[in-house]
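Biologist: I'm new to this one, so could you take a single part and walk me through it closely? I'd like to hear about the charged side chains that pair up, and whatever else helps me place them.

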Amino acid sequence: MLTLKCPYCGVDADETDLHAGGEAHLTREGPGASDDAFEDYLFMRENPKGVHFERWRHAYGCGKWFLAARCTTTLQVFGTYPAQTLEPPQDIKDAISAQRPGWSWGNFK
Ligand SMILES: [Zn+2]
C-alpha cells in the first residue's frame with residue numbers, strides 16, 4: 001500500500017486516506033496560448049515507468065493538497081512537499097538522484 005507523509009499535518013497517510021489529483025507541476029495555459037499549447041495542458045500527461053511527481057489531497061485528514069515524488073514501479077516515496085511549491089525541493093531531487101542516477105522528469109533533473 002502506498003503511504004505518503006502529509007507535509008502539513010505530518011501524518012503518514014495510507015492511500016485510502018488520500019485522493020489522487022494527477023500530475024504535478026503543470027504549466028497552466030491562458031486564453032492567449034496557442035491551440036497546441038492549450039491541448040497539451042488539457043490532455044497530455046506524463047506516464048513514466050519510474051520517477052513521477054503527483055498531486056495528492058489529504059482527504060480524510062487536514063484536507064489540503066500537497067505534492068509527492070515517488071517511483072511508479074516500486075512505490076518508493078522520495079518525499080512530499082506543499083502544493084504551492086513551483087519545483088521539487090533540492091533535498092528531494094538529491095534523494096532521487098541518489099536512488100536513480102541520471103533520472104529526469106520534464107524540466108527537472
Ligand atoms: Zn494533512
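Modeller: Happy to, and let's start with R70, which is buried, its relative accessible area being just 11%. Keep in mind that this is a predicted model. R70 has a partner: it makes a salt bridge with E54, and the closest N and O atoms are 2.6 Å apart. Where do the two sit? R70 belongs to strand β5 (residues 65-71) and E54 to strand β4 (residues 51-57), so this pair ties together parts that are 16 residues apart in sequence. E54 is buried too, with a relative accessible area of 8%. Both values fall under the 20% cut-off for buried.

Why would such side chains pair at all? Side chains of opposite charge can do so when their charged atoms come close.

How many salt bridges turn up in a search of the whole structure? The count is three, so let's look at the others. E87 and K93 meet through their side chains, with 2.6 Å from N to O. Here the two ends sit in unlike settings: E87 is partly exposed at 41% relative accessible area, whereas K93 is buried at 9%. Then there is the salt bridge between the side chains of D12 and K5, at 3.5 Å from N to O. D12 is exposed, with a relative accessible area of 51%, a value that just passes the 50% cut-off for exposed. K5 counts as partly exposed, at 41% relative accessibility.

While you have the model open, find the zinc ion as well. Its protein donors are C6 through SG, C9 through SG, H58 through ND1 and C62 through SG, and they lie 2.1 to 2.3 Å from the ion. The angles among those four donor atoms run from 98 to 124 degrees, and the site is tetrahedral. If you want to spot the donor residues in the sequence, look for the spacing C-x2-C-x48-H-x3-C. C6 comes from the loop between β1 (3-5) and β2 (12-14), and H58 from the loop between β4 and β5, so this pair ties together parts that are 52 residues apart in sequence. That should help you place things, because β4 and β5 are also the strands that hold E54 and R70. As for burial, C6 has a relative accessible area of 1% and is buried, and H58 is buried as well, at 2%.

Methods: Residues numbered from 1 in each chain as written. Predicted model: local features only at pLDDT ≥ 70, side-chain atom pairs only at ≥ 80, totals over all residues. Heavy atoms only, no water. Salt bridge = Lys/Arg side-chain N within 4 Å of Asp/Glu carboxyl O. Buried < 20%, exposed > 50% of the residue type's maximum accessible area, 1.4 Å probe, protein only. Helix = DSSP H or I, 4+ residues; strand = E, 2+ residues; numbered from the N terminus. Donors = N, O, S within 2.8 Å, 3.2 Å for Na, K, Ca; no water. Tetrahedral: all angles 85-135°; square planar, octahedral: opposite > 155°, others 65-115°.
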